[in-house]
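Dear colleague,

I am passing on the structure below, followed by an account of what was found in it. Please read the notes with the coordinates open beside them.

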Amino acid sequence: KSFGCVVLDEGHHCPATHFRKIVQHFPARFRFAITATPERSDHLEKFMYAVCGRPIETVTTKDLFTEGYLSRPTVVPVHTAFRMPEYERTGEGVRPRVQWHKVAKAISLNGERNQIISNLLQQLIYKGGVGGESLTLVLSDRKEHLKAIYESLPAFVQKQTRISTGDLKVAERNENLQLVREGKIRILFATQLGDEGLDIPA
């Protein structure tokens, strides 16, 4: 009862029941939620606003570029031959209703596509040289996807690679990040754990 102000980092998690219950246990006069991603894919941000109020200040991506906190990425598209015939248009021009979870699973388990990713990672390793300082971050929301790519890498590349998912203990995840910071890992695979609050040189 002695806290007059509560600040919630990664505030977009506030709609989760356990987060919301914890915050509501503090009868603070002021509640602030800080987040870089207020819009949620499930559209439950209204619960965050109900607990912490509407936005009072916004820092745009343009602001971050101007102040030097972000670097503009170079996007290089890599085209594959992946297709799902059942979702292509019929002769009448009608496209069946897409079930995105099935598409995502099929993409993540597509051997040809994963091999292309594996080859690109190997090229980066060869280009930088073994033991180089550059880091490659590989993100996917599916653990089986990361595992499939990892298993397609040669043994010497696997030795310079770590996978960080929710299955790992906090100590193990911290160890992986420390190895990255020390330059002992060239490739880091991560699920949503890599989406937020990941402060590593890349």
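G166 is exposed, with a relative accessible area of 56%, and its place is in the loop between β4 and α8. Please keep in mind here, and throughout, that this is a predicted model. The C-alpha atoms of G166 and A190 are separated by 9.1 Å, although the two residues lie 24 residues apart along the chain.

The strands on either side of this region belong to one arrangement, since β4, helix α8 (residues 170–181) and β5 make a right-handed β-α-β unit. Within that unit, strand β4 (residues 161–164) pairs with strand β5 (residues 187–190) in the parallel sense, over four bridges, and I163 stands opposite F189 in β5.

The loop that holds G166 also contributes to a charged contact, for D167 forms a salt bridge with K143, the closest N and O atoms being 3.1 Å apart. This pair links distant parts of the chain, with D167 in the loop between β4 and α8 and K143 in helix α6 (residues 143–151), 24 residues apart. The two partners fall into separate classes of accessibility: D167 counts as exposed because its relative accessibility is 57%, over the 50% cut-off, while K143, at 41%, counts as partly exposed.

How many salt bridges are there by the rule applied here? The count comes to four, and two others can be described alongside the pair of D167 and K143. E144 forms a salt bridge with R142, with the closest N and O atoms 3.3 Å apart, and E144 is partly exposed, with a relative accessible area of 34%. D42 forms a salt bridge with R40, and in that case the closest N and O atoms are 2.7 Å apart. Both residues of this last pair are partly exposed, D42 with a relative accessible area of 35% and R40 at 22% relative accessibility. As a general matter, side chains of opposite charge can pair when their charged atoms come close.

Two residues deserve a look for their backbone angles. H43, whose place is in the loop between β2 and α2 (45–52), has a phi near 60°, a positive value in a residue other than glycine. E10, in the loop between β1 (5–9) and α1 (17–24), likewise has a positive phi, near 50°, and is also a residue other than glycine. For context, most residues other than glycine have a negative phi. Are these two residues buried or exposed? H43 is exposed, with a relative accessible area of 59%, whereas E10 counts as buried because its relative accessibility is 19%, which is under the 20% cut-off.

On the surface, V7, F30, F32, I34 and I56 form a nonpolar patch, with about 510 Å² of accessible area together. Strand β2 (residues 30–34) gives the most to this patch, with three residues. I34, which is found in strand β2, counts as partly exposed because its relative accessibility of 48% lies between the cut-offs of 20% and 50%.

With regard to the cysteines, the structure holds zero disulfides. C52 is accordingly in no disulfide, and the nearest cysteine sulfur, that of C14, is 4.4 Å away; a disulfide would require the two sulfur atoms to lie within 2.5 Å, so this pair does not qualify. C52 counts as buried, at 15% relative accessibility, whereas C5 counts as partly exposed, at 39%.

One further contact may be worth finding in the viewer. N119 is found in helix α5 (residues 111–128), and its C-alpha atom is separated by 8.1 Å from that of L153, a residue 34 residues away along the chain. At 35% relative accessibility, N119 counts as partly exposed.

To go through the structure, I would suggest starting at the right-handed unit of β4, α8 and β5, then turning to the salt bridge between D167 and K143, and then to the nonpolar patch to which strand β2 gives the most.

With best wishes

Key. Residues are numbered from 1 along each chain as its sequence is written. This is a predicted model: local features need pLDDT of at least 70, side-chain atom pairs count only at pLDDT 80 or more; totals for chains, interfaces and linings use all residues. Side-chain values use heavy atoms; hydrogens and water are left out. Two strands pair if DSSP finds at least two bridges between them. Helices (H or I, at least four residues) and strands (E, at least two) are DSSP runs, numbered from the N terminus. A crossover is right-handed if, with the strands pointing away from the viewer, the path from the first strand over the helix to the second runs clockwise. Patches are made of residues with over 30% relative accessible area and no salt bridge: like charges are joined within 9 Å, nonpolar side chains (Val, Leu, Ile, Met, Phe, Trp, Tyr) within 5 Å. Accessible areas come from the Shrake-Rupley method with a 1.4 Å probe; for residues, only the protein chains shown count as cover. A salt bridge is a side-chain nitrogen of Lys or Arg within 4 Å of a carboxyl oxygen of Asp or Glu. Buried means under 20% relative accessible area, exposed over 50%, partly exposed in between (1.4 Å probe, protein chains only).
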